[in-house]
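Biologist: I'm new to this one, so could you take me through a close look at its sheets? I'd like to hear how the strands are ordered and which ones pair up.

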Amino acid sequence: MRYSEMFLPTGREVPSDAEVISHQLMIRAGMIRKLTSGIYSYLPIGYRVIRKVEQIVREEMNKASAQEVFMPMVQPAELWQESGRWEYYGKELLRFRDRHERQYCLGPTHEEVITDLVRNDIKTYRQLPRNLYQIQTKFRDEVRPRFGVMRCREFGMKDAYSFDADEAGAEISYEKMFAAYNKIFRRCGLKFRPVEADSGSIGGKYSHEFMVMAESGEDAMVVCDKCVYAANLEKAEVSVPPKVNITEKDWLPQESVQTPNVRTIEEVSDFLKVSPRDIVKTLIFNADGQHCAILIRGDQEVNEIKVKNYLGANELELADDEMIMKATGAPRGFAGAVKIKTRIIADYSVMNMVNFVTGANKEDYHLKNVNIGRDFKVEAFADLRVAEKNDKCPRCGGSIQFVRGIEVGHVFKLGTKYSKALKASYLDKDGQEKIMIMGCYGIGIGRTVAACIEQNNDANGIVWPMPLAPYHVIVTPVNVNEEDVFQAAEKIYRDLLAEGIEVIFDDRDERAGVKFKDADLIGIPLRVTIGQKNLVSGNVELKNRKSGQTTIYSLAEIVSEIKKNIAEGLNPPAKQPPEV
């Protein structure tokens, strides 16, 4: 492609509303333009990168025996009502009515549609397993779109859905997709790690996120420095502590202490001259309309995702003042486990505590020397807190580290959440009706592109890995007005095209410095520079964008050297996929 014919509006200024480097560079490099909040147009060079990600995804999904379909973005309310998600999904689901007053939504995901598709055509175990995928536009009405295409409202996504006759088959389908995802992100040239994750609003029992390692990442991950364990912060497990032998001889007499206007952990700690580690927080949660008390040590933070999953709640939030009063008999800030009128679940951090401080369920009072077993009973102990840096790996006992990452893919074991609700059944070998077991597998296409830029950039612009680069080579004559320079550049350009190489010919009548800055900004991996000084000796310069290395080659060998560089970039040494 000749630069003079390209729609490639580059810019030097950093956009004022671009918060992260990928957003800044995608605008400056002429990849995207904002239409409205959270909705972007992809310009030609940006769309070329999107298509490259899609092609890698298609190839690996097809190799894994998945078949491509294409489903409507507009979905009828009846399907979502049948699955129970029409109200539960919340305001991110953009609902509307047509001219006949029938209700629809713009699909944020396609579990309902694919399940409806399969239930109508798959009737027997002989038709299973099946894995169907699409690359489609989704819409989620984010309350605060940000970070460019990283968290926008309209976005491209690859979503796949597997259907199996039993759990064993579902496990095989999951592992095939897990392996395919490793291959996809490796082929994209990304540094990534699959981590254990919560399934969120999609549902399901088991899932992994594929995280691209980047300091700018929104998500915190916990990784072990000795084994392969990795999990996002929401999912990161905390091991059960060793049981400490506590007897009644260790218990001190309970004491009620007046604590006027003392409500927070910090205030209680200062007032009673105790450490936050000696206090038990009693948090009252509203779980699907029912109150529940969660106990956790005062210096630690409750993980609401873990609480929600433990309770099996569809919706969970901290209780309002009315529910707190109903459960404790006291206003907010004085809740405690003694004589509370609700079920009590305690985090492991409370398990070995003795003679601790709690609220007294009485305004302006707290209790000292409270003990489990004597003063109240706990229904169960569980892992309900946020992991901390001094915790140990739950798998091997090694040290853990906290790193940042960007989620680009997510694989779920859905089980029968949707197939049961939508009655997607089949007849087994004995003619018995059974419910299909499902899996769900998503990749954010635009998000993968943005994550790649977050991981591959420098002060001059994007540094594309070869597999995702919009073009592999840019041919740059220093001065297009010098006939021999231009003709040499033209010949190299045509020779590269003849070899099927993706190349830009920068034929603009601009200063060399401007051309070099644009080439670096848009991140083309290889730049051939043709100048009078080298051309006199029949040579040209080849620069590697990533390493910055420049090498002089003759006109006769430049094309073969470029082909060699591209082949090495597209086919890095094979690595084994990360284990789980």
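Modeller: Here is a walk through two open sheets, strand by strand. Keep in mind that what you're looking at is a predicted model. As a bit of background, strands in a sheet pair through hydrogen bonds of the backbone, and they do this either parallel or antiparallel.

Let's start with the sheet of five strands. Going across this open sheet, the order is β28-β27-β29-β30-β31, and the pairing is mixed. At the edges you'll find β28 (503-505) and β31 (550-554); each has a single partner strand, so one side of each has no neighbour in the sheet. From one strand to the next, the twist averages 25 degrees. Now zoom in on β27, residues 473-477, and β29, residues 526-530: these two run parallel and are joined by five bridges. If you want a spot to click on, try proline 477, which sits opposite isoleucine 530 in β29.

Next comes an open sheet of three strands, ordered β13-β19-β18, with antiparallel pairing. Here the edges are taken by β13 (255-258) and β18 (356-359), and because each has a single partner strand, one side of each is left without a neighbour in the sheet. The twist in this sheet averages 30 degrees from one strand to the next. Look at how β18 meets β19 (residues 365-370): they pair in the antiparallel sense, over three bridges. One pair to find there is glycine 359 with its bridge partner in β19, histidine 366.

Terms used. Residues are numbered from 1 along each chain as its sequence is written. This is a predicted model: local features need pLDDT of at least 70, side-chain atom pairs count only at pLDDT 80 or more; totals for chains, interfaces and linings use all residues. Side-chain values use heavy atoms; hydrogens and water are left out. Two strands pair if DSSP finds at least two bridges between them. Helices (H or I, at least four residues) and strands (E, at least two) are DSSP runs, numbered from the N terminus. Axes are lines fitted to C-alpha atoms, for helices over the stretch in contact, and angles run from 0 to 180 degrees between N-to-C directions.
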